[in-house]
Amino acid sequence: MIREIDSLQINEEKFLEMQSVLQEAEQKNESVVKEKLTLEKELKMEITKAKDEAERLCEARKGTEAEVKRLQLAEEELIQVRLALKNAENKILDDYIAKELQTLLKVTYRKEKEQYNVKKIAAEKQLEEAKIWGNKIKKKKVPTATLR
């Protein structure tokens, strides 16, 4: 009966620990989502700026041939800017994925460590019980051996 109560208390503690771990994970997830939204806003602003620049260049292209040459150079620059934006976007996404993966790995490590500790404690209790029973059996056998 006492063992069952102890077991229930231990399980309740584990449950409370798991709830706190879950709350931490949810909070981290919310912060990651907020960070993602912020990064998306920044990317949209950069894209809007690039589009505005492209429109400006398009209007300027309507000028003379000298200007056409200049605009061709500007368009090449715009292509380079777009490539740089794409690279920046990929880098931001890679960083976001790496942070999220690291968070999940930390949570997994904590859970596995808790499970290991629970199993270790259970094994130690089982070993202690086996020692007690072994000693009891030895005590019962000792008087029998002296009678012979």
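## A salt bridge between Glu-24 and Arg-110

In this predicted model, Glu-24 and Arg-110 are joined through their side chains by a salt bridge, with an N to O separation of 3.3 Å. The two partners belong to distant parts of the chain: Glu-24 is found in helix 1 and Arg-110 in helix 2, and their positions lie 86 residues apart in the numbering.

Both partners fall into the intermediate class of solvent accessibility. Glu-24 has a relative accessibility of 34% and is therefore classed as partly exposed. Arg-110, at 27%, is likewise partly exposed.

## A salt bridge between Arg-3 and Glu-129

A further salt bridge is formed by Arg-3 and Glu-129, whose closest N and O atoms are 3.8 Å apart. This pair also links distant parts of the chain, with Arg-3 in helix 1 (residues 2–60) and Glu-129 in helix 2 (residues 65–147), 126 residues apart.

Are the two residues of this pair buried or exposed? Arg-3 has a relative accessibility of 62%; because the exposed class begins over 50%, Arg-3 counts as exposed. Glu-129 has a relative accessible area of 32% and is partly exposed.

## A salt bridge within helix 2

Where do Glu-89 and Lys-86 lie? Both are in helix 2, at positions 3 residues apart, which corresponds to about one turn of the helix. Their side chains meet in a salt bridge with an N to O distance of 3.5 Å.

Glu-89 shows a relative accessibility of 23%. Since a residue is buried only under 20%, Glu-89 is assigned to the partly exposed class. Lys-86, with a relative accessibility of 45%, is partly exposed as well.

## Glu-75 and Cys-58

Glu-75 is another residue of helix 2. The relative accessible area of Glu-75 is 32%, so this residue is partly exposed. The C-alpha atom of Glu-75 lies 9.0 Å from that of Cys-58, and the two residues are 17 residues apart along the chain.

## Salt bridges in the whole structure

How many salt bridges does a search of the whole structure find? The search finds 7. Among them are the pair Glu-24 and Arg-110, the pair Arg-3 and Glu-129, and the pair Glu-89 and Lys-86. The pair Glu-24 and Arg-110 connects helix 1 with helix 2, as does the pair Arg-3 and Glu-129, whereas Glu-89 and Lys-86 both lie in helix 2.

Methods. Residues are numbered from 1 along each chain as its sequence is written. This is a predicted model: local features need pLDDT of at least 70, side-chain atom pairs count only at pLDDT 80 or more; totals for chains, interfaces and linings use all residues. Side-chain values use heavy atoms; hydrogens and water are left out. A salt bridge is a side-chain nitrogen of Lys or Arg within 4 Å of a carboxyl oxygen of Asp or Glu. Helices (H or I, at least four residues) and strands (E, at least two) are DSSP runs, numbered from the N terminus. Buried means under 20% relative accessible area, exposed over 50%, partly exposed in between (1.4 Å probe, protein chains only).
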